[in-house]
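Subject: Handover of a structure

Dear colleague,

Please find below the structure that I am handing over to you. I would be grateful if you kept it open while reading the notes beneath it.

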Amino acid sequence: MTKSAVPRRHLPSSPFKAPVEQPIRQFNVGDRVTHDEHGLGRVVGIEEGIAVLVDFGSVQKRILSPYSKMAAL
């Protein structure tokens, strides 16, 4: 079985709590960031709502949204 890409909707009559939506992280050009795999870097480009381009010194990486492994400093 495969999991559907569409999230299930929450019914108001459900005894379970509705899942909490994580706020979308926003980054600006020039922001210093840290990444779990690549370390410290600086945002050098933005594709609004899709990805950010980060310079980690020796390499530039395109990090896709929702940026779960990246945080602003």
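The notes below deal with the sheet, its hairpins, one histidine and the pockets.

Please bear in mind that this is a predicted model.

The sheet is open and built from five strands, in the order β4-β3-β2-β1-β5, with antiparallel pairing. Strands β4 and β5 (70-72) occupy the edges and have a single partner strand each, so one side of each lacks a neighbour in the sheet. On average, neighbouring strands of this sheet are turned by 40° against each other, direction ignored. As general background, strands of a sheet pair through backbone hydrogen bonds, in either a parallel or an antiparallel arrangement.

Taking the pairs in turn, strand β1 (residues 32-35) is joined to β2 by four bridges in the antiparallel sense. Within this pairing, Thr34 faces Leu40 of β2. Strand β2 spans residues 39-47 and pairs with strand β3, residues 51-55, over five bridges, again antiparallel. Here Arg42 stands opposite Asp55 of β3. Strand β3 is also joined to strand β4 (residues 60-64) by five bridges, and these two run antiparallel. In that pair, Val54 is set opposite Lys61 of β4.

Two hairpins deserve a note on backbone geometry. The hairpin of β2 and β3 has three residues between the strands, and Gly49 adopts a positive phi near 75° in it. In the hairpin of β3 and β4, there are four residues between the strands, and Gly57 has a positive phi near 95°.

Is His35, which lies in strand β1, buried or exposed? The relative accessible area of His35 is 8%, and the cut-off for buried is under 20%, so this residue counts as buried. The side chain of His35 also has polar contacts with the backbone. One of its polar atoms lies 3.1 Å from the backbone nitrogen of Glu37, and the side chain of His35 reaches the backbone nitrogen of His38 at 3.4 Å.

Finally, the largest pocket has a volume of about 170 Å³. Which residues line the largest pocket? They are Glu21, Gln22, Pro23, Ile24 and Arg25, together with Ser65, Pro66, Tyr67 and Ser68. Sorted by class, this lining comprises four nonpolar, three polar and two charged residues.

With kind regards

Note on methods:
Residues numbered from 1 in each chain as written. Predicted model: local features only at pLDDT ≥ 70, side-chain atom pairs only at ≥ 80, totals over all residues. Heavy atoms only, no water. 1 Å grid on protein atoms, 1.4 Å probe; cavity = no way out; pocket = protein on both sides within 12 Å on 5 of 7 lines; lining within 4 Å. Points joined across faces, edges and corners; volume = space filled by probe spheres on them. Nonpolar A, V, L, I, M, F, W, Y, C, P; charged D, E, K, R; others polar. Pairing = 2+ DSSP bridges. Axes fitted to C-alpha atoms, helices over the stretch in contact; angles between N-to-C directions. Buried < 20%, exposed > 50% of the residue type's maximum accessible area, 1.4 Å probe, protein only. Polar contact = N/O pair within 3.5 Å; in protein donor to acceptor, adjacent residues only side chain to side chain.
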